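Thanks for coming. I will keep this short and stay with the helices. Please have the model open while I talk.

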Amino acid sequence: MQKKPVINWANRKAYKTKNLWAGILFGLGFVAFIDETVFHQLLHWHKFYDKSTVAIGLVSDGLFHAFSWFATVGALYLVADLRRRDALWHKVFWGGKLIGGGAFQLYDGTIQHKVMRIHQIRYDVDIVPYDVIWNGSAIIMIAAGFLLLRSANQDALGTRRVENRVA
């Protein structure tokens with residue numbers, strides 16, 4: 001029979017914010033990467049900046065792609081440090097990933113698509129269903145992320161109660 005691994009709650013609590021930011025950066029970078037790869041490169045629905053020439057659109061996509069990878073790699077450095085410190089808290093990290101990814105997608109769908117109008121999800125189609133799915137899935141991701149953070153906080157409170165009973 002295998003023993004359950006011992007969780008270092010003191011380190012998890014001490015590095016909770018770092019777990020959250022690692023998740024936010026990773027989620028932001030990952031969703032930006034998926035957006036750029038699927039909608040920009042594979043489907044050719046739009047470029048990051050559609051209000052100029054194709055060459056400018058390609059340059060803007062390249063910068064966008066670099067941004068997504070810098071965010072993702074930066075997040076992985078934070079994760080490596082958290083693992084080294086025995087402080088990686090998966091629920092907080094995943095909550096941050098969902099919040100970061102959803103926040104990026106909601107920002108993209110509202111500010112970039114509607115306010116700044118630098119690009120749309122698609123052109124020459126009824127855009128409403130695309131907007132509803134794009135922004136709706138972003139809101140669902142953000143809500144799920146906050147639910148995971150709430151669950152992580154309840155886990156931490158539960159360990160505090162157990163520690164107080166033992167002491």
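I start with residues 87–107, whose end C-alpha atoms lie 30 Å apart. That span is 86% helix and 0% strand. Bear in mind that this is a predicted model.

Residues 87–107 are one of the stretches that UniProt, in an unreviewed entry, labels "transmembrane region". The record gives that label also to residues 20–43, 63–80 and 127–149. For residues 127–149, the chain is 96% helix and 0% strand, with 33 Å between the end C-alpha atoms.

Now to helix H2, which covers residues 16–42. How far should the 27 residues of H2 span? At 1.5 Å a residue, the expected value is 39 Å, and the end C-alpha atoms of H2 are 37 Å apart, so the two agree. Just after H2 comes His-44, with a positive phi of about 55°.

Next, the packing. Two packed helices are described by the angle between their axes and the distance between the axes.

Take H2 with helix H4, residues 90–115. Their axes are 6 Å apart and the angle is about 45°, which makes H2 oblique to H4. The crossing of these two helices is right-handed.

Which residues meet there? On the H2 side they include Leu-20, Gly-23, Ile-24, Gly-27, Leu-28 and Val-31. Lys-16 and Asp-35 of H2 also take part. From H4, the residues in contact include Val-92, Phe-93, Gly-96, Gly-100, Gly-101 and Phe-104, along with Lys-97 and Asp-108. Sorted by class, the contact of H2 with H4 has 10 nonpolar, 7 polar and 4 charged residues.

On spacing along a helix: an α-helix has 3.6 residues a turn, so residues three or four places apart point the same way. You can look at the H2 residues just listed, such as Leu-20, Gly-23 and Gly-27, with that in mind.

The other partner is helix H3, residues 54–84. H2 and H3 pack at an angle of about 150°, with 8 Å between their axes. The two are therefore roughly antiparallel to each other. Here H2 passes H3 in a left-handed crossing. The contact of H2 with H3 has 17 nonpolar, 6 polar and 5 charged residues.

That is the end of my part.

Definitions and conventions
Residues are numbered from 1 along each chain as its sequence is written. This is a predicted model: local features need pLDDT of at least 70, side-chain atom pairs count only at pLDDT 80 or more; totals for chains, interfaces and linings use all residues. Side-chain values use heavy atoms; hydrogens and water are left out. Axes are lines fitted to C-alpha atoms, for helices over the stretch in contact, and angles run from 0 to 180 degrees between N-to-C directions. Helices (H or I, at least four residues) and strands (E, at least two) are DSSP runs, numbered from the N terminus. Angles under 35 degrees count as roughly parallel, over 145 as roughly antiparallel, 65 to 115 as roughly perpendicular and the rest as oblique. A crossing is left-handed if the near helix is turned anticlockwise from the far one by less than a right angle, and right-handed if clockwise. Contact means heavy atoms within 4.5 Å. Ala, Val, Leu, Ile, Met, Phe, Trp, Tyr, Cys and Pro count as nonpolar, Asp, Glu, Lys and Arg as charged, and the others, Gly among them, as polar. UniProt positions are given in the numbering used here, feature names are shortened, and annotations may be inferred rather than shown by experiment. The expected span of a helix is 1.5 Å times one less than its number of residues.
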